[in-house]
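Biologist: I am new to reading protein models, and I would like a close look at one part of this one. Could you take me to the biggest enclosed space inside and then show me what is around it?

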Amino acid sequence: MGHDHHDHAHGANKKILLISFLIITAFMIVEVIGGVLTKSLALLADAGHMLSDSISLLIALIAFTLGERAANYGKTYGYKRFEILAAIINGATLLIISLYIFYEAFQRLLDPPAVASTGMLMVASLGLVVNIIVAFIMMRGSDTEGNLNMRAAFLHVLGDLLGSVGAIIAALLMIFFNWVWADAIASVLVAVLILISGWRVTKASIHVLMEGTPANIDVKEIITLMKDTEGVKGIHDLHVWSVTSGQNVLSSHLVVDESMTIGESQSLLETLEDKLKDKGIGHVTIQVETYNHPHENSIMCQGEYSMETSHHGHSH
């Protein structure tokens with residue numbers, strides 16, 4: 001069931017990404033032309049964000065396609081981690097673009113150019129409509145909560161949407177009050193948004209690559225759940241990580257009574273696997289053991305328990 005749901009979400013994510021990529025790329029070209037013709041940095045900043053958007057959606061599409069390739073002897077988890085690498089590239093792209101916009105805005109504040117504010121208003125308004133449509137499509141049809149790659153792409157679009165709002169406000173300020181600096185200020189606000197979303201996505205991706213505990217998993221709760229299961233005497237060498245967004249993995253050594261039969265230990269493993277699946281862990285590897293063995297560099301190291309005779313339980 002878990003895999004069926006994941007495959008369905010995966011297919012939906014891919015379709016939404018393709019539609020979003022085509023819309024964003026087409027409008028990004030319009031915005032670049034509009035920004036150049038009107039001399040508006042706010043439009044060009046938004047177009048820059050849209051370019052990173054477009055790239056991020058393309059990378060995400062490639063990531064999903066590569067992620068579908070089967071596991072092999074060289075890559076036993078397949079290519080699913082590519083999604084996380086894609087999210088890191090997205091985040092890094094955003095950070096670089098934001099720094100460039102800061103630099104350009106500073107130059108413009110010192111020497112503001114004449115901006116064709118009416119044309120800027122028209123392009124920015126069209127941009128707002130496009131971004132609202134894409135954000136709506138993404139929210140309704142894809143997994144922006146559970147999938148890091150989709151979340152990265154969705155954050156890009158939200159940033160674009162706010163960028164369009166900033167450009168509209170700047171254009172109005174220039175039309176009604178002749179505030180020539182409004183364009184540069186609007187581009188700085190876009191750059192701040194880009195910086196924040198870029199940092200968040202990069203940080204979350206690095207956490208996955210460092211095999212950090214998934215955000216939706218409470219390790220203390222998992223330990224309690226396992227310890228409270230009948231037949232479990234102790235736990236050590238517990239590790240919880242994720243291969244890619246939404247695919248959480250747990251491995252642990254389980255200490256049981258020496259009198260437990262293989263059949264009983266198998267039944268215990270199945271019980272634990274069901275419980276852990278309910279907590280969002282789809283792939284479980286547990287080693288059952290009975291006596292002393294020293295264990296290092298792990299949370300849950302209990303020297304009084306061990307792993308001389310062992311039995312493996314796997315759930316896929």
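**A look around the largest cavity**

Modeller: Happy to! This is a predicted model, and the largest cavity in it holds about 30 Å³ of space. With a threshold of 30 Å³ or more, the count comes to 1 cavity. Its lining is made up of R108, P112, P113, V115, V180, W181, D183 and A184. Sorted by kind, these lining residues are 6 nonpolar and 2 charged, with no polar ones.

Let's follow one of those lining residues, W181, outwards. W181 is partly exposed, because its relative accessible area is 40% and that class runs from 20% to 50%. The structure holds 2 aromatic pairs. In one of them W181 partners W179, and the two rings are stacked, with 5.2 Å from centre to centre and 15° between the planes. If you wonder why both a distance and an angle are quoted, it is because a pair of aromatic rings is described by the distance of the centres and the angle of the planes. The rings of W179 and W181 count as stacked because their 15° lies under the 30 degree cut-off. W179 is also partly exposed, with a relative accessible area of 35%. Ring pairs bring in F177 too, so that F177, W179 and W181 make up a cluster.

Now look at N178. It sits in the loop between α5 (148–177) and α6 (182–209). N178 is not a glycine, yet it has a positive phi of about 60°. Is N178 buried or exposed? N178 is exposed, because its relative accessible area of 58% is over 50%.

You can compare N178 with another residue of this kind, D237. D237 has a positive phi of about 50° and is not a glycine either. D237 is found in strand β1, and it counts as buried, because its relative accessibility of 15% is under the 20% cut-off.

While we are at D237, let's take in the strand around it. Strand β1 covers residues 232–244, and 11 of its 13 residues are buried. Its partner is strand β2 (residues 247–256), which runs antiparallel to β1 and is joined to it by 9 bridges. At one place along this pairing, T244 stands opposite Q247 in β2. The two strands form a hairpin with 2 residues between them, and G246 in that turn has a positive phi of about 80°.

For a buried position in a helix, try S20. It belongs to helix α1 (residues 2–38). S20 has a relative accessible area of 0%, so it is buried. Leaving out residues up to four places away in sequence, S20 touches L57, V134 and M138.

Finally, step back to see the whole protein. Its secondary structure comes to 8 helices and 4 strands. Along the sequence these follow the pattern α-α-α-α-α-α-α-β-β-α-β-β. Of the 316 residues in the protein, 47% are buried. Among contacts between residues at least 6 apart in sequence, 72% join residues at least 24 apart.

Conventions
Residues are numbered from 1 along each chain as its sequence is written. This is a predicted model: local features need pLDDT of at least 70, side-chain atom pairs count only at pLDDT 80 or more; totals for chains, interfaces and linings use all residues. Side-chain values use heavy atoms; hydrogens and water are left out. On a 1 Å grid over the protein atoms alone, a cavity is a set of points where a 1.4 Å probe fits but cannot get out, and a pocket is an open set with protein on both sides within 12 Å along at least five of seven lines; lining residues have an atom within 4 Å of a point. Grid points are joined across faces, edges and corners, and a volume is the space filled by probe spheres set on the points. Ala, Val, Leu, Ile, Met, Phe, Trp, Tyr, Cys and Pro count as nonpolar, Asp, Glu, Lys and Arg as charged, and the others, Gly among them, as polar. Buried means under 20% relative accessible area, exposed over 50%, partly exposed in between (1.4 Å probe, protein chains only). Contact means heavy atoms within 4.5 Å. Two strands pair if DSSP finds at least two bridges between them. Rings of Phe, Tyr and Trp (its six-membered ring) pair if their centres lie within 6.5 Å; planes under 30 degrees apart count as stacked, over 60 as edge-to-face and the rest as tilted.
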